[in-house]
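Me: I would like to go through this model question by question. Please give the reasoning first and the value or name last.

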Amino acid sequence: MRSLTIRLGFWSGLLGVVFGLTGCADAPEAEGTSVYQEAPASPYDSQAVEASRQALLAKRDRTGEDELRLGDLSRQVGDWSRAQKAYYDARTANVRAADGEHRALLGLARVALAQRDPSAAMNYSERAEQATQNSGGREEARVLRALAHLERGQTNEARRLRAQVSRSDIPELSQLDSRLGSSGSVVSTPSPRNGPRPAAATTPKPPRSDFPAGAPAILARERWGARALNQKRDPVLLGAPRRVTVHHTAESNLPGPSFEANAERMRAYQHTHQDERKWADIGYHFVIDRQARIWEGRDLRYQGAHAGNKQANEGNIGIALMGDFEKSQPSEAQKRSLFTLTEWLLTRYRIAPSAVYGHDEVAKKHDPKEGTTCPGKHLERYIIEMKRLLKKPPAAQAKPKSKAS
Ligand SMILES: [Zn+2]
């Protein structure tokens, strides 16, 4: 309860800054079909994950091992409450699974972290550490406990625990390291370069992508502690995407460069869109911060709320860049990420470069009276440049260039 109160206080403070500034995601949620009536389009194998999950849900007499798996799959699709229940059930089921108690407690700690409940995360990760004799398992629990400490602002505690971890394959490790500010595990602000050659910049690559091979490094919802999509708002399936729309967030008050500051801003967008605007989820499918990190917004299986009316959102992938590009320039790092992400999406869904739009352009296509300054004149200029580069055959194109304007 206490943490909830603190959180609300935090949000209302932050909302003063954020609400009203994210004005470009302005589409009503349409009434629609319920979620799993048809096979959803499947970016990132989420269809397969959901199918396995449904199969387990339908199964009678689930074993402890089944419950653990159900918990993990539910976390992957962001169904935190179902994940929690599965892990509880795994503990009460006669868990014969190897290290079953330990794994269930790790799962519960992860759910607690995703729900931004550091007390529960601390509790579960401590117990997970005690519940195993396996040193690798103990290290995994320590990483989660370190994140819970960070959530409470206890950096030294987090550092101490990090020092006791030698495994390098724990999923949350890169997040922990970037939040601790150690070895560049997240894209950092590129250093100044000579000449207009953004493509040649040596931006450090994030250590792992949460998405399949070939995808740019996208930080999955779980990484920023997204809440689940609100099923009660009747989210509509996106189906096969056929266009991409670029936005700016129209904010002049941007977060600092740290991973956590930007993760926090993602949570603020989601909060505004879900709680104030009563949408199913954050309006955009992707958000790109000033440091070039690409954050997953709404799951691509669902239609977004960003382009205007219902028709404008159909088959439309929404990408927002943090900033106000009516007033200032997007960073070179942001432009690179926008290019990489767009290129990947176009290839993946066989979309023509001519189907990449700025918000204003797509809004007017559906209603000539609709108009917006989004994505800002400076970003608009880059979108035109980008579309030209995307048209070239792959061999000749390879990397974005920015026009010296
Ligand atoms: Zn917009």
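**Cores**

Me: How many residues does the largest nonpolar core have?
Reply: The model is a predicted one. Within the largest nonpolar core, the residues with the most contacts are F286, V287, I288, I294, I319 and L338. The number of residues in this core is 53.

Me: Which helix gives the largest share of this core?
Reply: The largest share amounts to 6 residues. They come from a helix that spans residues 377-391, namely α15.

Me: Which residues does I288 contact, leaving aside its neighbours within four places in sequence?
Reply: I288 is one of the residues with the most contacts inside the largest core. With the sequence neighbours set aside, its contacts are I294, I319, L321, M322, Q334, S337 and L338.

Me: How many residues are in the second core?
Reply: The second core is separate from the one above, and its members include L70, L73, A86 and L108. Its residue count is 33.

Me: Is V287 buried or exposed?
Reply: V287 lies in strand β3. A residue needs 20 or more other C-beta atoms within 10 Å to count as buried. V287 has 25 such neighbours, so its class is buried.

Me: How many ångströms separate the C-alpha atoms of V287 and I319?
Reply: Both residues are among those with the most contacts inside the largest core. Along the chain they are 32 residues apart. Their C-alpha atoms are separated by 5.7 Å.

Me: What does V287 contact beyond its neighbours within four places in sequence?
Reply: Strand β3 holds V287. Once the neighbours within four places are left out, the contacts of V287 are M266, W295, G297, A320 and M322.

**Helix pairs**

Me: Are α4 and α5 roughly parallel or antiparallel?
Reply: Helix α4 covers residues 80-92 and helix α5 covers residues 100-114. Their axes are 9 Å apart and the packing angle is about 160 degrees. Angles over 145 degrees count as roughly antiparallel. The relation of α4 to α5 is therefore roughly antiparallel.

Me: How many nonpolar residues does the contact of α4 with α5 have?
Reply: The crossing of these two helices is left-handed. From α4, the residues W80, A83, Q84, Y87, A90 and R91 meet G100, E101, A104, G107, L108, V111 and A114 of α5. By class there are 3 polar and 2 charged residues, and the nonpolar count is 8.

Me: Are α7 and α8 roughly parallel or antiparallel?
Reply: Helix α7 takes in residues 135-151, and helix α8 takes in residues 155-162. The axes come within 8 Å and cross at roughly 165 degrees. With the limit for this class at over 145 degrees, the two helices are therefore roughly antiparallel.

Me: How many charged residues are in the contact of α7 with α8?
Reply: This crossing is left-handed. R142, R145, A146, H149 and L150 of α7 meet T155, E157, A158, L161 and R162 of α8. The contact has 4 nonpolar and 2 polar residues, and its charged count is 4.

**Loops and backbone**

Me: What is the omega of the peptide bond between C374 and P375?
Reply: P375 lies in the loop between α14 (359-366) and α15. The bond that joins C374 to P375 is cis. Its omega is about 5 degrees.

Me: What is the phi of K278?
Reply: K278 sits in the loop between α11 (259-276) and β3 (286-288). It is exposed, with 12 other C-beta atoms within 10 Å. K278 is not a glycine, yet its phi is positive, at about 65 degrees.

Me: Is R350 buried or exposed?
Reply: R350 is found in the loop between α13 and β6 (356-358). Its phi is positive, near 55 degrees, though the residue is not glycine. The limit for the exposed class is 12 or fewer other C-beta atoms within 10 Å. R350 has 9, so its class is exposed.

Me: How far apart in space are K327 and K377, C-alpha to C-alpha?
Reply: K327 lies in the loop between β5 (316-321) and α13 (332-349). It is partly exposed, with 13 other C-beta atoms within 10 Å. K327 and K377 are 50 residues apart in sequence, and their separation in space is 8.3 Å.

Methods. Residues numbered from 1 in each chain as written. Predicted model: local features only at pLDDT ≥ 70, side-chain atom pairs only at ≥ 80, totals over all residues. Core = buried A, V, L, I, M, F, W, Y, C linked by C-beta atoms within 7 Å. Helix = DSSP H or I, 4+ residues; strand = E, 2+ residues; numbered from the N terminus. Contact = placed C-beta atoms within 7 Å. Axes fitted to C-alpha atoms, helices over the stretch in contact; angles between N-to-C directions. Parallel < 35°, antiparallel > 145°, perpendicular 65-115°, else oblique. Left-handed = near helix turned anticlockwise from the far one by under 90°. Nonpolar A, V, L, I, M, F, W, Y, C, P; charged D, E, K, R; others polar.
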